[in-house]
Amino acid sequence: MHKPFAVEAISLNKHVTSSETTLTILDDLDLAVQHGERVAIVGRSGSGKSTLLGLLAGLDNPSSGKVLIDGTEISNLDEDGRAAVRGRKMGFVFQSFQLLPSLTALENVMLPLQLAGRDDARPLAEAALSRVGLEQRLSHYPKQLSGGEQQRVAIARAFAPGPSILFADEPTGNLDAATGQQIIELLFGLNAQAGTTLVLVTHDNALAARCQRRLLLSQGKLAEAADVAESAAS
Amino acid sequence: MMALSLAWRQFRSHWSAGDLRVLFLALVLAVTATTAVGFFTDRIDGALVRQGGMLLGADLLVSSGKPLPESYQQEAQRRQLSSTQTMEFPSMVVRGEHSQLAEIKAVDAEFPLRGELVISEQVAAVGVSDAARAADVIPSPGSVWVEPRLATLLDVKVGDLLEVGERQMPVSAILEREASRGGDMFSFAPRLMMNLADVPSTGLIQYGSRVKYQFLVAGDAEQIRQYSAWAQANAGKGERVQDVSAARPEIRSALEKARQFLGLSAMVGVILAIVAMFLASLPYVQRSLDTYALMRCFGASRKLIMQILLWQTFLTGLLGSLLGCLLGYLAQAGLASLAGSLFLETLPQPGWWPVLTGLLLGFLTMLAVVWPHLARLTDVPALRILRRDLGSIDRHHWLSFFPGIAVIAGMIYWHAGSFKLGSATILIFLALLLLIALMAWAGQHLLQRFSDGRGGVWKLGIAGLKRRPGMAVAQVAGFSLGLMALILLALVRGDLLNNWQASLPPDAPNRFIINIQPHQIEGVKAFFTNADIPNAEVFPMVRGRLIAVNDTPLDTSKYVDERARRLAEREFNLSWAADMQADNQMLEGRWWTSAEHGQPQLSLELDLADTLGLKLGDWLTYDIAGTQLKVEVTSIRKVEWDTMRANFFAVMPPGLLENFPASYITSFHLPLGNDQALNALVREYTNLTVIDVAALMEQVRGIMDKMTHAIEYVFVFSLFAGLAVLYAALVATREERVREATLLRVLGASRRQVVLAGLTEFACIGVLAALVATLAASALAWYVSAYILNIPYQFNLLLAILALISASLLVPFAAWLGMRGFLDQPPRQLLHSM
């Protein structure tokens, strides 16, 4: 019996119905991501990359089809069931950082640990912030940090609970090239250390090129993208 | 515990981010206003009981025409209550050729148990002697104290001898003021006080003497309540138990109005604070959306989110209420010092009840006003993290406002203390909301029509109203209520309180003359002319006993209420008049026409009719000097007792009572220094009894003055709450407004254009709000003065115009202040922070 995939999508469909038309965003899509694999999903704006990420992470429900995490179907769970799976297994890094402005850097990193009921939330969060080089910024609020620093806090938050799968949505999208490069190094460095499965949605060729597999999402279907530069240019 | 810890963290971070501050401040204000007034009225109630005690000379009194059984004394001793006994009886007192009927009171060393006796060495030319002092003893055996009136009538001074029955006793002091003299003002002759030990030797108490034996008790409230219950249960025939609720109607009336004013002030503050909480909860909830979406994303269950939100509500409610209670307690100390020497003694300490009500209010308001909106955060989808358009709370189901409105309604009834005032306020509140919604809607439509076809920044500003129709109405409502509080404060300070005080003008009657015989009327009127006293009326008075209602003989024992029984048992002072007195108000039925003179009709005072259970259309039979007179109740009047004018519980039309033996009564204002003229009149007609109510009137006036300060002080809470509403309404849309302004600037709008667009929008909101607020505040002030407090009200046009203009400028100015900081920042910086 083979080991289940870290992330698996089977015949995944997502339609959006407006008053006049039905729009197909994902069309009978299949995907399998091995444990520890780094996968980049690329595609044009509006191709449905973020929708796919949302479905794989259990943030949304598919119109039909299945999503399995470690062999367990999550698409038939209710919102609380999916939240529990996310809490146990997933970490997130977003384009707009998604830090809570009313919490300090340390409190932001502690939040998922506290939600998981960890008593050692504080030392774990401090260690995570130290790993991203922000040990001097623990009590700073997001607005007191630069964009790059905010994304580093978000990365620390994503890795702190030790997730088996990390979902990243355009993690460098809001950053300049130099800062973006630093963030890429950090993200992949930590990912390699932790051996986390990484599912990445991006426009950034340099970022996609760091992944073992690059998949192009086009017209609701995924295809292996041999040359990312080519896909991005198309 | 995780939920609590997360909730606490959330509370702290929301606080430091400023999201919670307006909400929290409004909650604190609501609780502070309620508890401050609660603590204060609690203390006033305590003082009233004490003052009532001073009027009785005790906390409880048992009286009888026969010596009271020992059991009262034994029971008081058993309950460790302090007690004393007195005797009161009328008797002629003689000095040389002068003799005068006096009301003799014999007391023992313990008297009085409450209040004090004030004595002096000589009768003052005017009022109370400057040398008057509180006596720490009673008349020593063998000596008497006499009231100034008796001293004047008998022409005695301290040291002179008086014949009291078989004894000759020297006057050892002038009795200026006496605790226990608060009973029936019109029934007593001037006072002579003597030692109880001397009574047997005077030989005045014979078989058949009209003696009132009194047993007085004092102790703490609970002990007295228990003793009262025991005494009521064990009272024999003719024994009457009387507690301190029988305060003078003039003072009761003035304090009741003051309490209504205070309640109204606090109520306005609380309603405003609740509105501020509601307004502040909208951006608070909106800004919390991302937090809870993120929590959902990180694996928090709906149940956990619910727990966190409940804890957060609880923490906010608890901290806000505790702080509110503390501030309320401190604030009431200010109120109490403003009330100052309102009462003869310092105010008693307040009880704990206001703390409970404050906490209850705090939690209830959080649950009813904030929770329905906060609870919607449990439904925020985790996907909002990726799609920000999801889960926004821009529409509210009307049911989510229901608990808040229910709490406001409950608060109104509770604070108003009367169903009438409460219902009126609720109606006004609902009408105000409806009016605001209508005016905001109509105003928006008009403005949009006006702006059609016109370009420029004006249109942008007006379009702002259209983009946020719900918020525009909420903002107009918020501003209206805030402004209404400010205007109401100005009206109450300027008009209502002045009107109230004007109802007791400086020339209000300060003397009553009773027992005037028909042949003395001309003499009394001549005295008025000589003493330059205008408009003094002389009213006839016939004494009659109510013996049957609707032909059913009156059974006084059926009255459970002690006061009702007493009223039913005593003789009524019946009067007649062609016209209703100006300070009376017709509530039911109608006054008689001249064609109806002589018909068997009767107009009753409301309180009396209520107490005795009499109503319009009842036929009452009176026994007047052995003759029966049957009359129909054709009207019910409200009498303003605190105007100090002579008034009657029962009045009949002319032509019914003229043939019965009548005496006359008059009340008038005696200017300073005219006592000699009055004394001359009294010497000429020795049967006349003059009652000096100047002291009582001063007390009523003192209550008015001091309570006026107290009310203004409480209105400061409303002022703050009004400002909180204004601020909350302003910040409710600030985020959105800043985003729009930033985009406009990015698109090339100048700073001036952005400012003008914002000012136009707020000027529209300001004018609408000011209009509604001025109308509503004036209507409220008019209703309260005309129908609740029964004082005349005049619309203050100048204030209305001033309010309208200043509000129309104030709102856009405040908005500009709020926007200014953002306008100075470069758009890039703002875009980055959005």
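Leaving aside its neighbours within four places in sequence, with which residues is B:Ala728 in contact?

**Figure 1. Surroundings of B:Ala728 in the predicted model.** Once the neighbours within four places in sequence are set aside, the contacts of B:Ala728 are B:Val22, B:Ala26, B:Ala276, B:Leu279, B:Ala280 and B:Gly478. B:Ala728 belongs to the largest nonpolar core, which holds 200 residues, and it is one of the five members that touch the most other members, together with B:Ala26, B:Ala273, B:Ala276 and B:Ala724. The helix α7(B) gives the most to this core, contributing 26 residues.

**Figure 2. Another nonpolar core, lying apart from that of B:Ala728.** This core consists of 37 residues, and B:Val542, B:Leu546, B:Phe572 and B:Leu604 are among them. As background for both cores, chain B comprises 834 residues, of which 45% count as buried, and its secondary structure amounts to 22 helices and 22 strands. Among the contacts in chain B with a separation of 6 or more, 85% are accounted for by residues 24 or more positions apart.

**Figure 3. The side of chain B that touches chain A.** Here 25 residues of chain B are in contact with 27 residues of chain A. Two elements of chain B, α1 (2–17) and α7 (249–297), are those that give two or more residues to this side, and α1(B) supplies the largest share, eight residues. By residue class, the side of chain B that touches chain A divides into 12 nonpolar, eight polar and five charged residues. The helix α7(B) thus appears in two of these views, since it is listed among the elements on the side that touches chain A and gives the most to the largest nonpolar core.

**Figure 4. The open sheet of chain A.** Four strands of chain A are arranged in the order β2-β1-β4-β5, with antiparallel pairing. Because β2 (22–33) and β5 (72–73) of chain A stand at the edges and each has a single partner strand, one side of each is left without a neighbour in the sheet.

**Figure 5. Strand pairing and helix packing on the sheet of chain A.** Strand β1 (residues 7–17) of chain A pairs with β2(A) in the antiparallel sense over eight bridges, and A:Val16 stands opposite A:Leu23 in β2(A). Helix α1 (residues 49–56) of chain A packs on the sheet, where it touches β1, β2 and β4 (64–69) of chain A. The direction of this helix makes about 125° with that of β1(A).

How values were computed:
Residues numbered from 1 in each chain as written. Chains lettered and ligands numbered in written order. Predicted model: local features only at pLDDT ≥ 70, side-chain atom pairs only at ≥ 80, totals over all residues. Contact = placed C-beta atoms within 7 Å. Nonpolar A, V, L, I, M, F, W, Y, C, P; charged D, E, K, R; others polar. Core = buried A, V, L, I, M, F, W, Y, C linked by C-beta atoms within 7 Å. Buried ≥ 20, exposed ≤ 12 C-beta atoms within 10 Å, placed from the backbone. Pairing = 2+ DSSP bridges. Axes fitted to C-alpha atoms, helices over the stretch in contact; angles between N-to-C directions.
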